[in-house]
Amino acid sequence: MVKKRIGIYPGTFDPVTNGHLDIIERATNIVDHLILAVAINRGKGPLFSLEERVAMVEHELSAIMERTGATIEVKPFESLLMNFAAAQGAKTIVRGLRAVSDFEYEFQMAGMNSHLEPDIETVFLMASDKCQFISSRFVKEIGKLGGDISNFVTPNVREKLMERFDADE
């Protein structure tokens, strides 16, 4: 019997960007089943509710699953990531890196996570050249100020952002 390799890609996904989608698709090359763990993370003060973020991510996954043949599911979580990963039977945590500045924080977190759950590996995927500068924070800021965000998010996510910003005015 072949063991299914389960991976977790955690994040707030507020909102999900083309950079996230790039990492998701590439992560399907290293795991058989990918769980997108949408963090509640009240401390970050997300623009979208947990339910909205889960729905946006789920909306974007069908095309990736069709292209890759992978199974991907979305699950919210509020617990310690390593406890959540162990409960899901995951052996891999996938993290995306955009720049050297991301690496120091992610490296420290991977070290701590390794102490908490030594059997779960953290794998870093470098952002593709076209996605290295994309961050949810910048996308929200550009969109709120009326800039064009169509190169950074899907049409569905762009529409959700514009609806939110119009409602805030």
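1. Contacts along the chain. In this predicted model, 76% of the contacts with a separation of 6 or more are between residues 24 or more positions apart. So when you look at a contact of this kind on screen, sequence neighbours are often not the place to search for its partner, because 76% of these pairs are 24 or more positions apart.

2. Overall build. The chain holds 6 helices and 5 strands. Read from the N terminus, the elements follow the order β-α-β-α-β-α-β-α-β-α-α.

3. Dimensions. Along the principal axes, the C-alpha atoms take up a box of roughly 55 × 35 × 30 Å. The radius of gyration is 16 Å, which agrees with the value near 15 Å for a compact globule, because the chain has 169 residues. Of those 169 residues, 46% are buried.

4. The main core. Which residues have the most contacts inside the largest nonpolar core? They are Tyr-9, Ile-24, Leu-34, Leu-36, Ile-72 and Leu-161, in a core of 34 residues. At least two core residues come from each of helix H1 (18-27), strand E2 (33-39), helix H2 (50-68), strand E3 (71-77) and helix H6 (155-168). H2 supplies the largest share, 6 residues.

5. Leu-34 up close. If you would like one residue to click on, try Leu-34, which is among those with the most contacts inside the largest core. Leaving aside residues up to four places away in sequence, Leu-34 touches Gly-7, Ile-8, Tyr-9, Ile-24, Ala-27, Thr-71, Ile-72, Glu-73 and Val-94.

6. A second core. Apart from the largest core lies another, of 13 residues. Its members include Ile-6, Leu-81, Ala-85 and Ile-120.

7. The largest pocket. How much space lies in the largest pocket? It is about 1000 Å³. The lining is made by 41 residues, and those nearest the centre of the pocket are Thr-12, His-20, Lys-44, Arg-95 and Arg-98.

8. Where the lining comes from. Strand E1 (6-11), H1, helix H3 (81-88), strand E4 (92-97), helix H4 (100-116) and helix H5 (136-144) each give two or more residues to the lining of this pocket. H4 gives the most, with 7 residues. H1 is worth a second look: this helix supplies at least two residues of the largest core and also two or more residues of the pocket lining.

9. Character of the lining. By type, the lining of the largest pocket divides into 19 nonpolar, 14 polar and 8 charged residues.

How values were computed:
Residues are numbered from 1 along each chain as its sequence is written. This is a predicted model: local features need pLDDT of at least 70, side-chain atom pairs count only at pLDDT 80 or more; totals for chains, interfaces and linings use all residues. Side-chain values use heavy atoms; hydrogens and water are left out. A nonpolar core is a set of buried Ala, Val, Leu, Ile, Met, Phe, Trp, Tyr and Cys residues joined through side-chain atoms within 4.5 Å. Buried means under 20% relative accessible area, exposed over 50%, partly exposed in between (1.4 Å probe, protein chains only). Helices (H or I, at least four residues) and strands (E, at least two) are DSSP runs, numbered from the N terminus. Contact means heavy atoms within 4.5 Å. On a 1 Å grid over the protein atoms alone, a cavity is a set of points where a 1.4 Å probe fits but cannot get out, and a pocket is an open set with protein on both sides within 12 Å along at least five of seven lines; lining residues have an atom within 4 Å of a point. Grid points are joined across faces, edges and corners, and a volume is the space filled by probe spheres set on the points. Ala, Val, Leu, Ile, Met, Phe, Trp, Tyr, Cys and Pro count as nonpolar, Asp, Glu, Lys and Arg as charged, and the others, Gly among them, as polar. The radius of gyration is taken over C-alpha atoms; the globule rule is 2.2 Å times the number of residues to the power 0.38.
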